[in-house]
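Here is a short review note on the model, set out as numbered points. Please read it with the coordinates open.

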Amino acid sequence: MEQSQTFSPRVGLKRTLSDRTLLKVFYYLLFPLALAFVLPFIPLILMAFEDGTPLTALSFLALALPMPAILLFQGFSFFRPLAFKQVAIFPDRLEMLGKNKKNIEVNFADIKEVKLSHLPYQGGSFTLLMKDGAKYKFTVILERSEYVLEAISSFNPVLLPPASFEGYRRTAICADHNYTRINDALKNWRMMVVKYLLLPVVVSVVVVLAAPYVGRVSITEDLDNVFRSFTVVNLMLGVICFLVAALYITGITNQALIKDPNNARRNMELEAKVYRISGLLHWIAFAAFVINFTVR
């Protein structure tokens, strides 16, 4: 899609930005999350080696490593906590509150260079190199981090032409929308408890009670395993459907920003429609698994 408009940084932009608590929590949970993806494969890998099938073991290893690698890469590249937790943007400077409660002032006139780095749809970072040798790194853990670049570009378009950071800006906006959606979902924690904890309990009990009538008497003796299976599959389907929906919405958002870079608003109607379809597919897939588990 060809860009039909040119991004125009706003003049006199003033904002106060804070870092994202959710992403900081995610950063500190990186190692447990990565380990959680690897642990289920460890017994399979060991058994494959014991059975004398190293190629099978390598196959399991290939399945186990990609997700932890992605998590660690994203965490260390984009979600590492910043040296400051609040940034106030003014037309000619930044005023940042450091973790030690000290104020840091960055005058745009003293910036020597701006280095940008981003991974489309995922996240990014940029570093302000000052004339005195100081460096200040920003990542998408700072809400609407692209506002910092917009203010610098408005102050000195020669140092930072608008076209030079449009890729980062689109990625930062898409990432911001994704993190907001995740935060909104987590706020509705009661529904998540019902959906991912209580529902598997109810379904497990129903399946165990119905098992004798479909010739699966063995199921009645293993309620714990039935519950675990339903809980894990339900959670995996929920996460997969949510992420696929988020990826689709992100793609649409990215294309919309290419067409009209000055409109960064979320399309709430589209998001609601996509997540309704995603939720329906989740329940269809989970129902199919339960039926197959019960009557197979």
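1. Is Glu95 buried, partly exposed or exposed? Glu95 has 30% relative accessibility, so this residue counts as partly exposed. The classes are cut as follows: buried is under 20% relative accessible area, exposed is over 50%, and partly exposed is in between (1.4 Å probe, protein chains only).

2. Some ground rules come next. This is a predicted model, where local features need pLDDT of at least 70, side-chain atom pairs count only at pLDDT 80 or more, and totals for chains, interfaces and linings use all residues. Residues are numbered from 1 along each chain as its sequence is written, and side-chain values use heavy atoms, with hydrogens and water left out. Helices (H or I, at least four residues) and strands (E, at least two) are DSSP runs, numbered from the N terminus.

3. Back to Glu95. Its side chain meets that of Arg93 in a salt bridge (3.0 Å, N to O). The term means a side-chain nitrogen of Lys or Arg within 4 Å of a carboxyl oxygen of Asp or Glu. The structure holds seven salt bridges. Arg93 has another contact: its charged end sits over the ring of Phe90, 4.1 Å from the ring centre. That call requires NZ of Lys or CZ of Arg within 6 Å of the ring centre and within 35 degrees of the ring normal.

4. Please look at Arg144. This residue is in the loop between β7 (135-139) and α6. Arg144 is not a glycine, yet its phi is positive, about 45°. Its relative accessibility is 16%, so Arg144 counts as buried. Arg144 forms a salt bridge with Glu146, with the closest N and O atoms 2.5 Å apart. Glu146 is buried as well.

5. Glu146 leads into helix α6 (residues 146-155). Eight of the ten residues of this helix are buried, so α6 is largely enclosed by the rest of the structure. Among the buried residues are Glu146, Tyr147, Val148 and Leu149. Tyr147 also has a partner from far along the chain: its C-alpha atom is separated by 9.0 Å from that of Lys14, 133 residues apart in sequence. Lys14 is in the segment before β1 (15-18). At 52% relative accessibility, Lys14 counts as exposed.

6. Arg144 and Glu146 also appear in a cavity lining. There is one cavity of 30 Å³ or more. The largest cavity holds about 50 Å³ of space. On a 1 Å grid over the protein atoms alone, a cavity is a set of points where a 1.4 Å probe fits but cannot get out; a pocket is an open set with protein on both sides within 12 Å along at least five of seven lines; lining residues have an atom within 4 Å of a point. Grid points are joined across faces, edges and corners, and a volume is the space filled by probe spheres set on the points. Helix α7 (residues 166-187) gives the largest share of the lining of the largest cavity, four residues. By class, that lining has five nonpolar, one polar and five charged residues. Here Ala, Val, Leu, Ile, Met, Phe, Trp, Tyr, Cys and Pro count as nonpolar, Asp, Glu, Lys and Arg as charged, and the others, Gly among them, as polar.

7. The second largest pocket has about 220 Å³ of space. It is lined by 14 residues, and those closest to its centre are Thr253, Ala256, Arg265, Arg266 and Asn267. α9 (223-259) gives the most to this lining, with five residues. The lining divides into six nonpolar, four polar and four charged residues.

8. Arg266 deserves a second look. Arg266 forms a salt bridge with Glu271, the closest N and O atoms being 2.6 Å apart. Arg266 is partly exposed, at 24% relative accessible area, whereas Glu271 is buried at 6%. Both belong to a salt-bridge network with Arg181 and Asp184.

9. Last, the aromatics. Rings of Phe, Tyr and Trp (its six-membered ring) pair if their centres lie within 6.5 Å; planes under 30 degrees apart count as stacked, over 60 as edge-to-face and the rest as tilted. The count comes to ten aromatic pairs. One of them, Phe289 with Phe293, is tilted: 6.0 Å centre to centre, 40° between the planes. Both lie in helix α10 (residues 268-295), four residues apart, about one turn of the helix. Phe289 is partly exposed at 24%; Phe293 is buried at 11%. Together with Phe230, Trp283 and Phe286, they form one aromatic cluster.
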